[in-house]
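Me: Could you take a close look at one part of this model for me, the place where the two chains meet? I'm in my first year, so please explain the terms as you go.

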Amino acid sequence: MSQVAHAPEHPTVTGIDNRKLLMWVFLASDCLFFGSLIATYLIYFGRSVVGPYPHDILDIPVTSVSTFVLLLSSFMFVLSLAAHTRGDYKAFRVWVFCTAVLGSTFLGFQVFEFQHFVHEGLTPRTNLFGTTFFTLTGFHGAHVTIGVVWLLTLFFLSLRGKLGADKNLAVDLAGLYWHFVDIVWIVIFTVIYLTGVALGPGVGK
Amino acid sequence: MASIAVARRESTFWDTVWGWVTTVDHKRIGALYGITAFIFFMIGGVEATLMRMQLARPEQTLVSPDVFNQLFSMHGTTMIFLAIMPLGAAFFNIIIPLQVGARDVAFPRLNAFSYWTFLAGGLLLNSSWFLGGGLNAGWFAYSPLTGLTYNPGHGVDFWAVSLLVLGTASMAAAFNFIVTIVNMRAPGMSLTRMPVFTWMTLIVSILIVTAFPVITVALIELVFDRAFGFNFFNVFAGGDPLLWQHLFWVFGHPEVYILILPAMGIVSEVLPVFSRKPLFGYPFIIFSGIAIGVMGWMVWAHHMFTVGMGPVANTVFTLTTITIAVPTGVKIFNWVATVWGGQLTLKTPMLFSLGFIAMFIIGGLSGLMHAVSPSDAQQSDTYFIVAHIHYVLFGGAIFAIFSGIYYWFPKATGRLMNETSGKIHFWLTMIGFNLTFFPMHFVGLNGMPRRIATYSAGMGWDFWNMVETVGAFVIIAGILLFLHNFFRSLRKGEVAGNDPWDGRTLEWAIPSPPPEYNFERIPVVHSRDPFWEQKHPHPLGVPAGASQQRPGNRAQQPAVAHAAETHEVIHIPSPSYWPLITALGNAIAGYSLVYRFIPGLFIGGALTMFGLYSWYMEPTVKHENKKH
């Protein structure tokens with residue numbers, strides 16, 4: 001395997017590729033986006049006038065599994081980036097495909113959860129909990145969906161031989177995004193699920 | 001000298017149009033931004049004029065109260081999001097790559113996408129006039145006025161969705177300028193040698209990428225409430241209208257600095273050039289700009305002193321708001337010290353910059369008056385506030401923008417604007433502006449509420465309202481003169497040459513108008529005023545605050561230090577229509593969201609995805625221009 005030294009197209013002041021810097025700034029911006037959604041959720045926490053309330057309906061064991069799936073997908077992506085960096089494109093495709101499958105599994109859990117909640121009588125129109133819960137987790141799910149499409153794009157590009165050593169950055173960027181979306185979920189899982197249930201019926205109302 | 005053959009075959013009219021539609025050249029995109037924003041500025045001006053005509057005398061019925069509500073709501077939105085912000089973006093586009101010594105912005109196609117998305121958002125917003133009426137709930141659109149119960153029409157939807165689209169455009173542009181400024185400065189241009197305008201652009205861009213997500217969330221909540229029956233601002237479900245106010249102003253106050261910091265940057269460029277002195281206290285101006293950017297996040301609730309937040313919150317926000325006057329004051333002292341003792345050349349750009357300082361001080365002082373919450377309780381929702389906002393945004397931002405237009409017009413077009421017309425324009429604007437807005441302090445303290453469609457005779461407001469309307473027409477006369485001057489100078493103006501003002505920064509080192517690739521060779525920067533040092537290589541140890549003697553014209557000397565590397569090939573990014581296609585997808589999705597047409601959302605989304613994929617697959621440079 002020949003390691004191709006990849007220099008950026010144009011030297012930059014910081015030494016960081018323009019596209020990578022763009023991704024970091026975008027993620028900083030996205031922090032404020034999710035921060036505002038989480039702030040809205042917290043402000044309205046315990047202010048719903050009718051049920052179902054968080055502790056009635058949130059299922060910690062099931063969501064723990066889906067959280068584990070998403071965390072595992074981040075690990076898979078680390079493996080795929082490492083494979084791509086050392087030039088092992090077959091291994092890259094295997095791992096990136098696994099990442100996309102795990103991401104899709106997480107989305108499957110979310111679809112199942114949403115359907116279950118609607119069945120239990122919680123929709124975005126029911127109460128403030130429903131409104132804020134579906135908006136926050138829905139936008140997170142949209143981010144995961146974009147991520148899965150992105151990962152599959154990389155997979156197919158690699159299949160067609162268009163993702164060589166000069167495109168290592170493209171894999172790196174997708175990784176930054178994927179890990180970020182993963183981290184956001186850890187915050188959401190803590191704030192909505194763990195806190196919401198731990199505080200119980202007295203506060204979580 | 002080396003010459004570069006740029007293949008540009010624009011023979012027919014349609015070739016020219018196609019050239020502009022697919023352009024990714026930062027200077028052309030800047031021109032598109034400027035022209036479009038100025039058209040929106042005039043639309044906002046027409047809305048303002050209609051309001052002034054309605055209010056010229058008591059109990060007039062020129063427009064109905066409902067139309068009046070739309071006029072002031074759309075006027076505010078238009079001036080802030082479609083005029084001042086994109087006029088700032090026009091300067092960012094044209095000037096920043098030239099000031100930092102780069103051949104283009106970091107992402108030329110993203111830049112084109114920003115412009116087309118901005119245009120889509122602007123047209124979306126203004127099309128509401130023909131599709132059932134515009135927003136009528138004030139430019140900050142307080143809940144529950146925006147709820148379906150009280151506002152069943154589509155005006156609010158048009159407003160909310162167009163601001164989402166415009167936010168996308170602003171954020172895309174801000175990402176681009178952050179990367180350009182951080183990553184693409186010429187060798188030797190450290191952060192402490194960066195021109196002040198570039199610094200302020202960097203701070204503004206950081207504010208945009210952090211503040212716009214907040215209003216994006218607020219607007220999404222509003223749209224979801226209206227389109228899909230969510231409960232964010234539904235009081236019957238426990239929703240809190242104050243949440244809207246907090247989210248809006250958490251964005252809204254950084255937005256104020258997004259509007260004014262570019263103006264401060266322009267003035268900081270113009271004053272030293274026309275005083276023939278280095279900027280006084282450069283580090284203080286930079287750090288004050290950073291301080292304003294940070295503290296701009298800590299003052300938002302001073303817009304809400306009268307909603308009943310309680311004494312603790314009111315006190316805290318009073319204190320933070322008074323504190324933010326300190327860095328602003330520091331800047332003003334530094335500008336005055338820059339001018340002090342200089343060899344002043346009172347050309348039009350300088351006049352507008354000096355006018356900016358004077359008017360902005362007045363706006364700042366009235367701002368301090370309602371920074372104090374008990375005082376604000378008396379002034380809130382009166383014309384005193386209207387006077388304040390116009391002193392900072394018209395007397396501040398617009399004066400500086402005119403200063404910047406007169407200052408950089410010769411660089412962008414190669415011709416000077418007419419000086420006599422410019423001076424008359426300045427005095428018409430100065431007099432008209434003060435006639436229009438200074439009396440608003442009086443009627444405001446006299447109790448005249450803002451946002452009223454008319455008022456009774458005998459309130460003591462008649463005389464000053466008539467004066468204000470007369471002043472508005474003086475401003476209009478100035479604008480018409482400016483337009484005449486602008487278009488005449490484009491064709492018949494005096495040829496400017498590279499450096500008509502004896503400038504200090506890199507953009508004056510290259511031809512006017514700059515070639516497509518800007519810099520034949522990337523310059524190396526050794527000081528804060530690189531071009532000045534190059535023209536006047538023996539700085540006579542001039543102390544800060546002293547004046548420099550005018551030396552002989554040595555501008556022709558080619559004592560230019562360039563990067564040692566020789567660029568054999570200059571990569572000029574190829575034109576692309578994918579940014580336009582992607583923006584079109586956004587526009588289709590926007591209209592669909594307004595009319596709750598779900599299939600349209602998917603069509604728009606699919607078009608956006610298709611545009612993005614094609615954009616990604618398209619090579620950035622198709623052909624290379626040989627240089628020899």
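**Where the chains meet**

Reply: Let's start with who touches whom: 35 residues of chain A are in contact with 39 residues of chain B, where contact means heavy atoms within 4.5 Å. Keep in mind that this is a predicted model, so local features need pLDDT of at least 70 and side-chain atom pairs count only at pLDDT 80 or more, while totals for chains, interfaces and linings use all residues. Residues are numbered from 1 along each chain as its sequence is written, chains are lettered from A in the order in which they are written, and side-chain values use heavy atoms, without hydrogens and water.

Putting chain A and chain B together buries about 3000 Å², with 70% of that from carbon and sulfur atoms. Buried area is the accessible area (1.4 Å probe) that two parts lose on being put together, summed over both.

Now for the polar side of things. The chains share 1 salt bridge, that is, a side-chain nitrogen of Lys or Arg within 4 Å of a carboxyl oxygen of Asp or Glu. Its partners are Arg47(A) and Asp240(B), at 3.1 Å from N to O. There are also 13 residue pairs in polar contact across the interface, both residues at pLDDT 80 or more. A polar contact is a pair of N or O atoms within 3.5 Å; within protein, one must be able to donate a hydrogen and the other to accept it, and residues adjacent in sequence count only if both atoms are side-chain atoms.

On the chain A side, helix H1 (18-43) and helix H5 (128-159) are the elements that give two or more residues. Helices here are DSSP runs (H or I, at least four residues), numbered from the N terminus. H1(A) gives the largest share, 13 residues.
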